[in-house]
Amino acid sequence: QVQRALLELTIPLETLQAVKGRMMQAMRKGLSRQTHAQANMRMLPTYICSTPDGTERGDLLVVELCQSHVRTLWVTLLGDGNQSPQMMSRIFNVPGDITRGKGEVLFDFIAQCVCQFLAGIGSPQHRLPLGFVFPFSCRQTRLDKAELISWSKGFSCSDVEGKDVVQLLQSAINKQELCHVDVVALMNDTVGTMMTCGMGGEPCEVALVVDTGTNSCFMAEAQQVEMAEETSGRMCVNTEWGCFGDDGTLSDILTPYDQRVDQESSNPGEKRFEKLVGSLYLGEIVRHTLITLAAEKVVFTGSNVAVLRTKDVLKTQQVLEIIDSEEGMTKARRALEVLGLRPSERDCCRVQQICRVVVSRAAALCAAGLAAILSHMCQSRELERLVVNVGVDGELYRGYSRFREILQSVTGLLAPECMVTLLPSVDGTGRGAAMVTAVALRLAAHRREVDRLLAPLRLSRTDLERVQALMRQEMELGLGRESNANASIRMLPTYVRSTPDGTERGEFLALDLGGTNFRVLVVRVAQDGIRMASEIYVIPTTIMQGTGEALFDHIMECIMDFQLKQALMEQVLPLGFTFSFPCQQLGLDKAVLLCWTKGFSASGCVGQDVVQLLREAAQRKQHLGLKVVAVVNDTVGTMMSCGYDDPKCEIGLIVGTGTNACYMEEMRNVGTVEGEQGRMCINMEWGAFGDNGCLDDIFTNYDRLVDEKTINAGKQRFEKLISGMYLGEIVRHVLLALVEKQLLFRGKPCPKLQTRDIFQTKFLSTIE
């Protein structure tokens, strides 16, 4: 019978693995906005978005509301890695009638305690941030905003449930004329445990408390905490894991002894996990096991065992003393004799065995829960291996070395992908609350500084309307015959007089040169649609920045390679050349390069007709089958390709390596070309907008640093605010400013960021 009882209270490893899996499922349910309302594990956001980094400094006040007293603390952090915080504290007993009276009276009493405490230590009158430890179930919507859901632990004050307890305390403090005291954070003891353990060196990102009750918290990926608006970084989540199993998911491991403990509790059917783990219940589980064995006449034969039917006659503290290997048997005999029992040596041995298995089961279940949290963190962070510190507090963890050993070893077996260090907490509710408050202040100060550094990049509607008006002005200057030379937007005629109408047919070659890649295509336009074959060729930097002859020879070699692969060497097809650099177009097949952009600087090209340069390269390569019909800008090509499907398309816009736009303009407005009838596509070359200084007041210091290092400093200023070639560099300079102010990477330097172009523009898209 004893073996049966011990087996019932022992959970095999494969069952613990199943419990871990069920808890992970319950966690996901609690984190999801859709299923949160039905979840047993509530996974409550705490709005704590960082662990301590050791730089926290200053004076902090903590108020902790306990079952029978209020504790006040003064904590001074020195920014020394939080190794030696200076602390003063005082305890005020709470009169019993206050806990059941008006809510206003309770909060006035807490505020009076704060007032007396500060008067007693002669505190200065500078601003004092206060952290409030409030150990009741709350619906938190900010770090400093939490509505009480329900009272427990003997409290039943009126007019508090459904109200913001932070505001109630702040109002009471203001009544005491403590205007320099601000309540900035509200938290529970589990979060405090995590924060104290994260004070030395590496951060602590998980905490569990195994005391009268049990709970855990961890730093979750903020985007997974769907009940909070925050989507970046991490946020501490209070799991409320004591309620795990309230939906029946633990029924296969509940013993008859657990069922009886639950039935006798004040909340049957609730907090099922806590009733297997919390120290409030372990003595009761042992008591019910002994009642069963005594009824079977396996223990205490000849004794009157009626005393065992009295609730709470066996305390968890006694259970912990009994399992001690050296003194345990003596403690067991003493505890049983106090109850009027006459235990034999064998009885004491069996009681010790049962106490050990009940506490070991509690440790193993905590390990299954901890393993669920760790595996969830590892998966959500997409890591092969998670290295993490776990803060632990509570009577069971502190009082029983075997509990600690089981917790460590079983966690390792259930979550082998995680390397865990268990750290004992020191005053989680006091120092921990101070750390939460200090971290909140540090993050707020960092946020203000980050906002200040980013402020120049934030453009208002008024700013954008002014840019719009300036661009319109520059467009008109660019279109005018006399004013064109002084305009920063060149408004170049393209000699493209109409958009497609859908009747176009034929086979064409196309070249596309606009960045580090060069594309050659054959395009077949037929009634049943457009078919294309293409090949991409890389243009090495040495050729981009070498001689014009080498550049156009390279282009010609790519064309010949493509024609050879496509069996087009014998055909002479009309060719369109997309050349995405500023050109003065003198005809559809004649375009003089005005300047290089996008990192090109090939010599001997500026001021030359690019079509002629291509023809000369063809002659050098003895390739005679080249018939260039049109040279177009990529923006014009964009408009025309969309125009083939939709004749109403009359604007082209490119936002790539560079940026530009074109549109169909009325001929009467184009002063740089003869004729007033019809329309012509205008290549704006708007990348150069602002080169005349008209946008200087919206350029930030970051933009100036980027511009100075380009091969065309002072040119293409609008493009340098927009296009892919420069955005990564702008961000790199912003990051350097943040590093210099110690706002990134825990204040550590980052020499790699000094390398130009190391932060690529594609990273922006990925991150965003």
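Here are some notes on the model, taken point by point.

1. First, the status of the thing: this is a predicted model. Everything below is computed from it, so please read the values in that light.

2. The overall division. The assignment gives domain 1 as 1-11 + 282-361, domain 2 as 44-197 + 428-458 and domain 3 as 490-683. Domains 1 and 2 are each built from two stretches of chain in that listing, while domain 3 is given as a single range. Between the C-alpha centres of domain 1 and domain 2 there are 43 Å.

3. Helix 2, its length. Does the end-to-end distance agree or disagree with the expected span? Helix 2 covers residues 13-31, and at 1.5 Å a residue its 19 residues should span 27 Å. The end C-alpha atoms are 27 Å apart, so the two agree.

4. Helix 2, its buried side. The buried residues start with Thr 15 and Leu 16, go on through Val 19, Lys 20, Met 23, Met 24, Ala 26 and Met 27, and finish with Gly 30 and Leu 31. An α-helix has 3.6 residues a turn, so residues three or four places apart point the same way. Keep that in mind when you look down the list, which includes Thr 15, Val 19, Met 23 and Met 27. Note also that Lys 20 is on the buried list.

5. What helix 2 packs against. Its buried residues meet two strands and two helices: strand 10 (214-221), strand 11 (234-238), helix 11 (345-380) and helix 13 (401-414).

6. Just after helix 2. Asn 40 is in the loop that leads from helix 2 to strand 1 (44-45). Asn 40 counts as partly exposed because its relative accessibility is 23%, and the cut-off for buried is under 20%. Leaving aside residues up to four places away in sequence, Asn 40 touches Glu 240, Cys 243, Asp 246 and Asp 247. Asn 215 is 175 residues from Asn 40 in sequence, and the C-alpha to C-alpha distance is 13 Å.

7. Asn 188. This residue sits in the loop between strand 8 (181-187) and helix 5 (189-197). Buried or exposed? Asn 188 is buried, with a relative accessible area of 16%. Apart from residues up to four places away in sequence, Asn 188 touches Asn 215 and Asn 238. For a long-range pair, take Asn 188 and Lys 621: they are 433 residues apart in sequence, with 79 Å between their C-alpha atoms.

8. Gln 170. Helix 4 (residues 165-175) holds Gln 170, which counts as buried at 13% relative accessibility. With residues up to four places away in sequence set aside, the contacts of Gln 170 are Val 181, Asp 182 and Val 183. Gln 170 and Asp 182 are twelve residues apart in sequence, and their C-alpha atoms are 6.9 Å apart.

9. Positive phi. Two non-glycine residues to look at here are Lys 297, with a phi of about 60 degrees, and Gln 742, also with a positive phi of about 60 degrees. Lys 297 is in the loop between helix 8 (279-295) and helix 9 (316-322), and is exposed, with a relative accessible area of 65%. Gln 742 is in the loop between helix 22 (724-740) and helix 23 (761-767).

10. The largest cavity. There are two cavities of 30 Å³ or more, and the largest has a volume of about 70 Å³. Its lining is made up of Leu 492, Pro 493, Thr 494, Phe 579, Phe 581, Cys 583, Gln 585, Ala 591, Val 631, Val 632, Asn 633 and Asn 683. Strand 14 (492-493), strand 19 (583-587) and strand 21 (627-632) are the elements giving two or more residues to this lining. By type, the lining residues are eight nonpolar and four polar, with no charged ones.

11. The second largest cavity. This one holds about 30 Å³ of space. Around it are Phe 699, Asp 703, Val 706, Asp 707, Arg 717, Lys 720 and Leu 721. Helix 20 (701-708) and helix 21 (719-722) each supply at least two lining residues, and helix 20 gives the most, with three. Here the split is three nonpolar, no polar and four charged.

Key
Residues numbered from 1 in each chain as written. Predicted model: local features only at pLDDT ≥ 70, side-chain atom pairs only at ≥ 80, totals over all residues. Heavy atoms only, no water. Helix = DSSP H or I, 4+ residues; strand = E, 2+ residues; numbered from the N terminus. Expected span 1.5 Å × (residues − 1). Buried < 20%, exposed > 50% of the residue type's maximum accessible area, 1.4 Å probe, protein only. Contact = heavy atoms within 4.5 Å. 1 Å grid on protein atoms, 1.4 Å probe; cavity = no way out; pocket = protein on both sides within 12 Å on 5 of 7 lines; lining within 4 Å. Points joined across faces, edges and corners; volume = space filled by probe spheres on them. Nonpolar A, V, L, I, M, F, W, Y, C, P; charged D, E, K, R; others polar. Domains from an automatic or database assignment.
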